[in-house]
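Colleague: I am new to this structure and would love a close look at its largest pocket and the aromatic residues. Could you walk me through that part, starting with the chain around it?

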Amino acid sequence: MQKLSVIILGLCISFSSIAQSEEGFGQKINKKGAIAASKLPAEIGKKESLKAKVTGEVESVCQVKGCWMKVTTTEGQTMRVVFKDYAFFVPKDITGKTVTFEGEAQNKIVSVDHLKHYAQDAGKTKAEIAQITEPSHEITFVATGVIVEIGRA
């Protein structure tokens, strides 16, 4: 009987690790009500900011410490996602993964200095960084929580 209990416990642990398919960072959030990242530009339009929950694919991540990620919005376009109050980071190896994040989207002008800093964080060469000479109008997102889909164990 004791052997059977040990086997059942082992199977339960195995199945629970197989079912584990996502990891959370920052405040605990869920995926309910999230919109596709491709729809966010139309949703925010010309508004200065918009509270939202968004799902999309990670295009790149800060390789210094995971302090930001870029998520694909529309074909050829990305949105930088930073983390509120620098309170948490995401893993540096989640490029290509699906994420859901909640917080505030913002229409912003990003300065040349910030763009160069981001390029350095992304591991760009000095020549690539030197080519950044104009500020950029972008949608950025300040996330309070992130869910990363990590697949099956």
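Modeller: Happy to, and please keep in mind that this is a predicted model. Let us start with how the chain is connected. Taking contacts between residues at least 6 apart in sequence, 71% of them join residues at least 24 apart. The secondary structure amounts to 4 helices and 7 strands, and from the N terminus on the order reads α-β-β-α-β-β-β-β-α-α-β. The chain has 153 residues, and 34% of them are buried.

Now to the pocket you asked about. The largest pocket has a volume of about 450 Å³. It is lined by 22 residues, and the closest to its centre are Lys70, Thr78, Arg80, Leu115 and Glu138. If you would like to trace the lining along the chain, look for the elements that give two or more residues to it: strand S3 (49-61), strand S4 (68-72), strand S5 (78-83), helix H3 (112-121) and strand S7 (136-149). The largest share of the lining, 4 residues, comes from S7. By character, the lining residues divide into 9 nonpolar, 8 polar and 5 charged.

Arg80 deserves a second look, since this residue is among those closest to the centre of the pocket. Turn the view to its side chain and you will find two rings to inspect. Arg80 lies over the face of Tyr118, at 3.6 Å from the ring centre. Arg80 also lies over the face of Trp68, and there the distance to the ring centre is 4.4 Å.

From rings beside a charge, we can move on to rings beside each other. A pair of aromatic rings is described by the distance of the centres and the angle of the planes. The count comes to 4 aromatic pairs. One of them joins Tyr86 and Phe89, with 5.1 Å from centre to centre and 90° between the planes, an edge-to-face arrangement. Tyr86 has a relative accessibility of 48%, so it counts as partly exposed. Phe89 is partly exposed as well, with a relative accessible area of 30%.

Another pair is formed by Phe101 and Phe141: their ring centres are 4.8 Å apart and their planes stand at 80°, so this pair is edge-to-face too. Phe101 belongs to strand S6 (residues 98-110) and Phe141 to strand S7, so the pair ties together parts that are 40 residues apart in sequence. Both Phe101 and Phe141 are buried. Strand S7 may sound familiar, as it gave the largest share of the pocket lining.

Let us finish with the backbone around Tyr86. Most residues other than glycine have a negative phi. Tyr86, however, has a positive phi of about 55° although it is not a glycine, and it lies in the loop between S5 and S6. Asp85 is in the loop between S5 and S6 as well. Its phi is near 55°, again a positive value in a residue other than glycine. Asp85 has 67% relative accessibility, so it counts as exposed, whereas Tyr86 at 48% counts as partly exposed.

Note on methods. Residues numbered from 1 in each chain as written. Predicted model: local features only at pLDDT ≥ 70, side-chain atom pairs only at ≥ 80, totals over all residues. Heavy atoms only, no water. 1 Å grid on protein atoms, 1.4 Å probe; cavity = no way out; pocket = protein on both sides within 12 Å on 5 of 7 lines; lining within 4 Å. Points joined across faces, edges and corners; volume = space filled by probe spheres on them. Nonpolar A, V, L, I, M, F, W, Y, C, P; charged D, E, K, R; others polar. Phe/Tyr/Trp six-rings, centres within 6.5 Å; stacked < 30°, edge-to-face > 60°. Buried < 20%, exposed > 50% of the residue type's maximum accessible area, 1.4 Å probe, protein only. Lys NZ or Arg CZ within 6 Å of the ring centre and 35° of its normal. Contact = heavy atoms within 4.5 Å.
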